[in-house]
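Hi there,

Here is the model I promised to pass along. Please have it open while you read the notes below.

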Amino acid sequence: PRPYKATDRAVLLKLAQEVELAQGLFLRDVLYCDVRAWRERWMEGGFRKCREHGLKPQVWWLCEIEHANQKEGVVRLAGATDMTAIDGRLAVYGGDGAEVRYPMLMCALVGQLPDGAVRIMQAYAHPIQALDWWLPVDSNLERDAVDDLLGVMRWLAREKDMELELLKPLFSWNGTGARPDFVVSRREQPSDCLVIEAIGSDDAQYRERKARTMERLGGHPVFEDERARDPAGAGTLLRSAVARWALAPIQT
């Protein structure tokens with residue numbers, strides 16, 4: 001549960017120091033995680049390092065955005081009033097730019113042209129939990145689920161001295177071939193876990209995909225969080241389910 005000791009961008013930049021792209025060139029040299037990198041031309045140093053290693057002058061830029069228009073190829077950076085142009089392709093997760101899905105985190109490839117002009121060559125935007133928390137989520141309903149999960153985790157830590165961890169898998173999880181929405185586990189015994197699937201739609205095809213995911217998760221306890229059908233009561237049910245699982249005897 002938050003707050004963490006370091007910001008998300010600080011953790012990413014520290015990790016990037018260990019990723020070597022070419023001999024003597026690290027991801028940290030060409031990764032920027034602040035809106036000022038674009039506005040104040042911080043990227044010049046990254047372009048120079050790329051040239052020194054015989055590479056195209058291109059860098060990666062991560063920043064929060066509050067709006068995107070794929071048709072017009074523009075985004076509004078967090079806290080800005082004007083739009084920023086994307087020269088190449090702009091993709092938004094699920095193709096859904098509804099206002100309720102913001103804020104989003106934009107991952108952009110920025111390049112410098114031979115004449116010195118700097119352009120955003122392409123970009124991808126994905127919803128995140130909050131401007132200061134880059135946890136990827138699939139919808140605003142998932143944001144609500146995260147708030148409920150953190151609420152019960154804090155209660156268990158405070159009242160029951162029980163530390164849990166929350167995982168948002170980005171890839172196939174635990175050899176199942178599935179990517180569940182959330183996994184809650186005991187910190188002292190990570191193998192003991194509860195999978196949470198946030199059901200955000202009544203669409204038949206959507207629910208069929210969810211059913212296939214849950215089939216792959218066989219052997220792991222799964223709680224179906226029915227946010228779409230019961231938005232008012234889903235939070236209470238989710239918090240109760242996590243508490244019951246956490247306080248039950250560990251299955252061996």
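What follows is a short tour of one strand, its neighbours and one helix.

This is a predicted model, in which local features need pLDDT of at least 70, side-chain atom pairs count only at pLDDT 80 or more, and totals for chains, interfaces and linings use all residues. Residues are numbered from 1 along each chain as its sequence is written, and side-chain values use heavy atoms, leaving out hydrogens and water.

Let's start with strand β13 (residues 189–198), home of Asp192; helices (H or I, at least four residues) and strands (E, at least two) are DSSP runs, numbered from the N terminus. Seven of the 10 residues in β13 are buried, meaning under 20% relative accessible area with a 1.4 Å probe, protein chains only. Asp192 is buried too, at 15%. Its neighbours, with heavy atoms within 4.5 Å, include Arg186, Trp245 and Ile250, leaving aside residues up to four places away in sequence.

On to the pairing, which takes at least two DSSP bridges between two strands. β13 pairs with strand β12 (residues 182–186) in the antiparallel sense over five bridges, and a hairpin of two residues joins β12 to β13. With strand β14 (residues 222–225), β13 pairs in the parallel sense over four bridges.

Finally, helix α4 (residues 140–160) has 21 residues and an expected span of 30 Å, that is, 1.5 Å times one less than its number of residues. Its end C-alpha atoms are 30 Å apart, which agrees. Just after α4, Asp161 takes a positive phi of about 55 degrees.

Best wishes

Key. Buried < 20%, exposed > 50% of the residue type's maximum accessible area, 1.4 Å probe, protein only.
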